[in-house]
Amino acid sequence: MSALTLEPILKGRRSQPHMLIETLLDVQESNGYVSTEDMKIISRELGVPEIEVYRAANFYKALSLKPRGKNVITICAGTACHVRGSNLLSSQIHGLLGIGPGETTADGLFTLEQVNCLGACALGPVVVLNGEYHDHVTPAKLKALILKAGGQEKQAPGKKRTPVKASARKEAAACANGKKRHSSGKALKS
Ligand code: FES
């Protein structure tokens with residue numbers, strides 16, 4: 001994004017370093033990722049050293065430094081989920097979509113991400129699709145989710161990106177309180 005495009009996001013936040021996370025989240029929501037150019041502009045306008053902007057953008061899972069697909073699949077590869085078959089789910093996605101962790105399909109529909117724990121170990125394997133948690137995921141369930149996401153995409157081509165701010169704020173609050181992420185009691189979908 002250019003400085004001009006970022007103007008609505010920067011308005012009222014200039015020279016206010018404490019607005020860094022909110023600003024990054026707004027850029028993520030607006031553009032789908034935070035580019036190097038965005039980080040330079042934010043650094044300059046908010047008065048935050050570039051290294052701190054990069055550190056924040058790199059730390060929060062809700063922020064991406066490269067474009068993501070319209071549907072983001074997050075698979076938990078933590079120990080509890082792994083022993084319940086999360087590695088099979090990753091293999092299945094590779095078979096169905098041809099992507100591995102950190103990759104996006106050529107058509108820009110799906111991005112696969114992998115994390116070490118989502119804070120719901122007893123309910124594994126856990127998969128998050130576009131911010132929605134799914135527990136005890138089986139290969140059949142995962143396939144249905146992927147097909148549904150693709151079907152929705154075809155039926156609603158103008159669909160906006162999933163807002164990230166609410167979940168990201170929870171994540172930031174949990175981290176600030178020293179708690180494990182996503183342990184705030186959010187209902188999990190079966
Ligand atoms: S290991 Fe998967 S949620 Fe904890």
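**Worked exercises: helices, a proline and a sheet**

Helix α1 makes a right-handed crossing with α2 (the near helix is turned clockwise from the far one by less than a right angle). We're working with a predicted model, where local features need pLDDT of at least 70, side-chain atom pairs count only at pLDDT 80 or more, and totals for chains, interfaces and linings use all residues. Residue numbers start from 1 along each chain as its sequence is written.

**Exercise 1.** Work out how α1 and α2 are arranged and which residues make their contact.

- Start with the axes: those of α1 (residues 3–10) and α2 (residues 20–31) come within 10 Å and cross at roughly 125°.
- That angle makes α1 oblique to α2 (not under 35 degrees, over 145 or from 65 to 115).
- Now the contact (C-beta atoms, placed from the backbone, within 7 Å): α1 brings Leu-6, Ile-9 and Leu-10, while α2 offers Thr-23, Asp-26, Val-27 and Ser-30.

**Exercise 2.** Find where Pro-17 sits, and say why Pro-17 counts as buried, exposed or partly exposed.

- Pro-17 belongs to the loop between α1 and α2.
- Count neighbours: there are 14 C-beta atoms inside 10 Å, so Pro-17 is partly exposed (buried takes 20 or more, exposed 12 or fewer).
- Skip the neighbours within four places in sequence, and Pro-17 touches Leu-46, Gly-47 and Val-48.
- Pro-49 is 32 residues away along the chain, yet its C-alpha atom lies 9.3 Å from that of Pro-17.

**Exercise 3.** Trace how β1 joins β3.

- Strands β1 (residues 71–76) and β3 (residues 127–129) run antiparallel, joined by three bridges.
- Ile-75 faces Val-127 of β3.

Definitions and conventions
Axes are lines fitted to C-alpha atoms, for helices over the stretch in contact, and angles run from 0 to 180 degrees between N-to-C directions. Helices (H or I, at least four residues) and strands (E, at least two) are DSSP runs, numbered from the N terminus. Two residues are in contact if their C-beta atoms, placed from the backbone, lie within 7 Å. Two strands pair if DSSP finds at least two bridges between them.
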